[in-house]
Amino acid sequence: MSVSIVSPPPERSLAIAQARRELIEGESPVRARGADCIDSWITRSWQRCIEAGHSPRQRVSFDPVSRSASIDIAERNRALVSAARPVIDQLSRAIADTRYFAVLTDADGIVVDVGRLPDGTDAATRYARDLARIGVDLSERAIGTSAIGTALAEQESVWLHRGEHFFDDTSVYSCAGAPLFGPRGDCIGMLDLTGVQVVERPELRHLATLSARSIENMLVMREPCELLLRLAWPGNSGSEATEGLLCIDAVGNVTGANAAARQMLHQPLPRSEHALNFNDLFALPLHMMFDAARRGDAVLEVPLWSGLRVQVRPQRGGNGGTAPANVSDNRPRLRDVETALIRKAVADARGNVAEAARALGISRATVYRKLWRGRPAGAPD
């Protein structure tokens, strides 16, 4: 299957050209209609290029970093490349008929891995091979405005087509990019989908974003931890794109999380010496979560201190760790966990059953029934 190479619609080409005249060449002293057709992250990148003293007509050579720097970069990004490789292989199959290809960079915009390139010996293929080489510097400082540099600078997904790139030499490319965030929430690189003189495919921005989330999830699941918590909102079946992932160590400290978990819990991981703990987030004893993971319970509905509830599917961590010493060998039933939560809510409400029922989102009758069911035989009324 072949895809014809076409130019962008005339009105889009005219809008881009007008925006370049207004914002790069400074022909119009007042912001006019052309600039309104360009996304704000592109205009900010153009401005950074101008402030750096660049001119659109400068040559772009796609220089690699030094050999020693390349070796160091490869070592530092070994885990990222390993996690991304299966995703890049899938992407290469998905976009094979579009003549787009995948590029993975580190947080500085240096290429650390590349997907399958289009076949051929034409000029478009040579342009692709110039760019897609491990060790090449594709940062904004090196090649100006592109999906790589812009996604890293803005830390959000982007789409750029042809003349939206700053330099004339890069105006043959169309590219989508999405930043990649590590288990601690820091930007560790980006995923780029690029084509040379190809049909504009802005929908690739969505594909790049979903693929970036898959890489991030893989990195979290490979983190050494004692407990992996899979989070979803009640009533929502978590998908790979929406499921929260939280790594917990033996004493309850949060050691890693994906973007969905950080957003659900509204709690970014601290970068100070004070670790974020399981007990800071969940109104449930940690040992109950370890017990549930050991039993293989499907889902627990767990209250947060914020008053919200989340569904949690706990799993033992991939490092084969052990639960804390205070986790008994007995295997409490799920209803015992439920009863303990109700008792805690009543205690927090100072014995006010109506208030506890409101906090739990259940009726007073349900509170009384479940507490009575959980009362030991022979206990006083």
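These legends describe close-up views of a predicted model.

**View 1. The largest nonpolar core, centred on F62, L131 and L138.** This core has 36 residues, and F62, L131 and L138 have the most contacts inside it. Leaving out residues up to four places away in sequence, F62 touches D130, L131, R133, V136, L138, I143, T170 and Y173. A second core, separate from this one, has 27 residues, including L229, V254, M289 and L300.

**View 2. D137 in the loop between α6 and α7.** Helix α6 covers residues 123–131 and α7 covers residues 140–143, with D137 in the loop that lies between them. D137 has a relative accessible area of 14%, so it counts as buried, the limit being under 20%. Its side chain makes a polar contact with the side chain of S139, at 2.7 Å. Apart from neighbours within four places in sequence, D137 is in contact with D63, P64, D108, G109, I110, A142 and I143.

**View 3. Strand β5 and its pairing with β1 and β4.** Strand β5 spans residues 187–196, and 10 of its 10 residues are buried. Strand β1 (residues 100–106) runs antiparallel to β5 and is joined to it by 7 bridges. Strand β4 (residues 173–181) is also antiparallel to β5, with 9 bridges between the two. M190 in β5 stands opposite T105 and is the bridge partner of P179 as well.

**View 4. The hairpin formed by β4 and β5.** There are 5 residues between the two strands of this hairpin. In the turn, G185 has a positive phi of about 90 degrees.

Technical notes. Residues are numbered from 1 along each chain as its sequence is written. This is a predicted model: local features need pLDDT of at least 70, side-chain atom pairs count only at pLDDT 80 or more; totals for chains, interfaces and linings use all residues. Side-chain values use heavy atoms; hydrogens and water are left out. A nonpolar core is a set of buried Ala, Val, Leu, Ile, Met, Phe, Trp, Tyr and Cys residues joined through side-chain atoms within 4.5 Å. Buried means under 20% relative accessible area, exposed over 50%, partly exposed in between (1.4 Å probe, protein chains only). Contact means heavy atoms within 4.5 Å. Helices (H or I, at least four residues) and strands (E, at least two) are DSSP runs, numbered from the N terminus. A polar contact is a pair of N or O atoms within 3.5 Å; within protein, one must be able to donate a hydrogen and the other to accept it, and residues adjacent in sequence count only if both atoms are side-chain atoms. Two strands pair if DSSP finds at least two bridges between them.
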